[in-house]
Amino acid sequence: CGAIVLLKHGASVAQQVVEGLDFLEIMLRQQLVAAIGKTLTSKDVDEYMRFHHRKLLRTEWLPRRLSYTVRRSDQHTPEGVVSIEAISTSSGSLA
């Protein structure tokens, strides 16, 4: 009987913690949007990082796009390619 009361109270406390964290997240997002003046997309972050990499790093140290051929050994032809690419959507965000 006492265990059930404690479990219900624990569930109530957990729910209140989740609601408090959601409130903080919304408040911080609103403050960030107000400070920047717009909602940032992944495309905005990508452009920002490329701009600062060009300013901070020498040309030979700039990050390169990732693309590797997949082969069984050096004597074989490539069987595929592994790469990480950003695809721009119609809304301007990166997929």
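Let's start with a pair of charged side chains: Asp 44 and Lys 38 meet in a salt bridge, with N to O at 3.5 Å. Keep in mind as you look around that this is a predicted model. How buried or exposed is Asp 44? Its relative accessibility is 19%, and because buried means under 20%, Asp 44 counts as buried. Its partner Lys 38 is partly exposed, at a relative accessible area of 42%.

That pair has company, since the count comes to two salt bridges. The other one to look for joins Asp 46 with Arg 50, and here the closest N and O atoms are 3.0 Å apart. Both residues belong to helix α2, where they lie four residues apart, which means that about one helical turn separates them. Asp 46 is partly exposed, with a relative accessible area of 27%. Arg 50 is partly exposed too, with a value of 35%.

Now turn from the charges to the nonpolar side chains. Leu 32, Ile 36, Leu 40, Val 45, Tyr 48 and Met 49 make a nonpolar surface patch of about 560 Å². Two elements give two or more residues to this patch: α1, spanning 2-36, and α2, spanning 42-56. Which element gives the most? That is α2, with three residues. Tyr 48, one of the patch residues, has its place in helix α2.

So helix α2 is a good place to rest your eye: it holds the Asp 46 and Arg 50 pair, and it also gives the most to the nonpolar patch.

Notes: Residues are numbered from 1 along each chain as its sequence is written. This is a predicted model: local features need pLDDT of at least 70, side-chain atom pairs count only at pLDDT 80 or more; totals for chains, interfaces and linings use all residues. Side-chain values use heavy atoms; hydrogens and water are left out. Patches are made of residues with over 30% relative accessible area and no salt bridge: like charges are joined within 9 Å, nonpolar side chains (Val, Leu, Ile, Met, Phe, Trp, Tyr) within 5 Å. Accessible areas come from the Shrake-Rupley method with a 1.4 Å probe; for residues, only the protein chains shown count as cover. A salt bridge is a side-chain nitrogen of Lys or Arg within 4 Å of a carboxyl oxygen of Asp or Glu. Buried means under 20% relative accessible area, exposed over 50%, partly exposed in between (1.4 Å probe, protein chains only).
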